[in-house]
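Please walk through this model with me, one helix at a time. Keep the structure open as you read.

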Amino acid sequence: MSIPYQLILTFISGGIICVIAQLLIDLTRLTPARILVLYVSVGVLIYAVGAFDPMKDIFGAGVTVPLIGFGANIAKGVREAVEKEGLLGALTGGLTASSAGITAALLCGLFASVLFKTKSKRM
Amino acid sequence: MDSKVKKELIKKHSPSSSLFKNSLLAFFFGGLICVIGELLLMLYSHLGCDEKTAGILVTVTLIFIAAILTALGIFDKIARHAGAGTLVPVTGFSNAVVSEAMDSKSEGYVLGVGAKIYTVAGPVILYGILSGFVYGVIYYIYTLVEGMKL
C-alpha cells in the first residue's frame, strides 16, 4: 500500500472514531472521562471478537492511536499471557501490555507538576 | 448582557450548526493526530524497530508531546476547538493525567498530585483492566474447551 493512500485511510478512520465521541458528548450527557472509559472497554471488546487486527492492518494508527487501541493492547496482552501462563495471564497480561503508556503518562504528569505552574483547569 | 451569557444563548439556540462544526473539528484534529502517529510509526519502523516496539514508541511519543503542550498551556487552547479530536486519541489520556497533576500541586505531592493524578487515569485503567480480565477468563475457558475437543 502506498504511503499517501495509507495516510488518507488513517486520517479518515481516526477522524470518524473522534466524531462518534464528539456526537456522544454533544447529544448525550456522557462526560469526557466516561467517553475515555467507554472507548477503552470497547477496544477490549473489538479485540476479543477478533476484529481489531484486521482493522489495524487497513487503518494503522487510525485505530491504534485512539483509546480503543489502548484497550485492544490490553486485550492482546491478556490473550498472549493466558496462552503462556494459563489463567494467571488474565491477571498479569493487561497491565504488562499497557505499562509503557501508563508509566509514561504518570511520570510526565509528575514532572510537569514539579516544573510548571498550572495554567487552566479542565475536565 | 455580557458576552459570555450571549455566547451561551447563541450556542443554545443553534444546536445543529454547532453540532456540525464540533464534529468537523473533531474529525479534522482526530484524523490529524492519527496521521502524526502513522508517520511516527513509519519513522520508527524505518529506523529498524520491530512492529511491537514501534507501536509502543509511538504511544509514548504522543503522550510526551501532549504532556509538554499541556504543561505550556497550549493543549487546552487546541482542545477547546478540537473537542473529542484531541480527547479520544492517547493525547487526551496524557492531557488528563498531566493537567490533574498540575492542578493539584497546591494540595501537596502525596495526597495532592499523587492521588489526583489518577482522577481520569484511574477509571480508564480500572475499567480497561476489568474488561481485559473478563476477556482473559473467557479466553482461558475457550482454550480449555478447544483442548478437550482435540
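Helix H2 of chain A runs over residues 32–48. This is a predicted model. H2(A) has 17 residues and reaches 24 Å from its first C-alpha to its last. That is close to the 24 Å expected at 1.5 Å a residue. Just after H2(A) comes Gly50(A), with a positive phi near 85 degrees.

Which residues of H2(A) are buried? Near its start they are Pro32(A), Ile35(A), Leu36(A) and Val37(A). Tyr39(A), Val40(A), Ser41(A), Gly43(A) and Val44(A) are buried too. Tyr47(A) and Ala48(A) complete the set. What do these buried residues pack against? Within chain A, their partners are helix H1 (3–27), helix H3 (52–59) and helix H5 (67–85). From chain B, H5, H6 and H8 also take part. The buried residues of H2(A) thus pack against helices of both chains.

Step back to chain A as a whole. Chain A holds six helices and zero strands. Its pattern along the sequence reads α-α-α-α-α-α. The C-alpha trace spans about 45 × 35 × 35 Å along its principal axes. Chain A has 123 residues, and 49% of them count as buried. Now take the contacts in chain A with a separation of 6 or more. Residues 24 or more positions apart account for 60% of those.

Next, look at where the two chains meet. In total, 64 residues of chain B are in contact with 67 residues of chain A. Which elements of chain B give two or more residues to its side of this contact? They are helix H2 (15–46), helix H3 (51–71), helix H5 (84–87), helix H6 (90–103) and helix H8 (118–149). H8(B) supplies the largest share, 17 residues. By type, the chain B side divides into 41 nonpolar, 19 polar and four charged residues.

One of those elements, H6(B), deserves a separate look. H6(B) has 14 residues and reaches 20 Å from its first C-alpha to its last. The expected value, at 1.5 Å a residue, is 20 Å, and the helix is close to it. H6(B) is mostly covered, with 14 of its 14 residues buried.

How does H6(B) sit against H3(B)? The two helices pack at an angle of about 40 degrees, with their axes 8 Å apart. H3(B) and H6(B) are therefore oblique to each other. Their crossing is right-handed. On the H3(B) side, the contact is made by Thr59(B), Leu62(B), Ile63(B), Ala66(B), Ala67(B), Thr70(B) and Ala71(B). H6(B) contributes Val90(B), Thr91(B), Ser94(B), Asn95(B), Val98(B), Ser99(B) and Met102(B). The residues of this contact divide into eight nonpolar, six polar and no charged.

Finally, zoom in on one residue. Ala101(B) has its place in helix H6 of chain B. Why does Ala101(B) count as buried? A residue is buried if 20 or more other C-beta atoms lie within 10 Å of its own. Ala101(B) has 32 C-beta neighbours inside 10 Å, so it counts as buried. Leaving aside residues up to four places away in sequence, Ala101(B) touches residues of both chains. In chain A these are Gly109(A), Leu110(A), Ala112(A) and Ser113(A). In chain B they are Val113(B), Lys116(B) and Ile117(B). The C-alpha atoms of Ala101(B) and Tyr118(B) are separated by 8.4 Å. Along the chain, these two residues are 17 residues apart.

Conventions
Residues numbered from 1 in each chain as written. Chains lettered and ligands numbered in written order. Predicted model: local features only at pLDDT ≥ 70, side-chain atom pairs only at ≥ 80, totals over all residues. Contact = placed C-beta atoms within 7 Å. Helix = DSSP H or I, 4+ residues; strand = E, 2+ residues; numbered from the N terminus. Nonpolar A, V, L, I, M, F, W, Y, C, P; charged D, E, K, R; others polar. Buried ≥ 20, exposed ≤ 12 C-beta atoms within 10 Å, placed from the backbone. Axes fitted to C-alpha atoms, helices over the stretch in contact; angles between N-to-C directions. Parallel < 35°, antiparallel > 145°, perpendicular 65-115°, else oblique. Left-handed = near helix turned anticlockwise from the far one by under 90°. Expected span 1.5 Å × (residues − 1).
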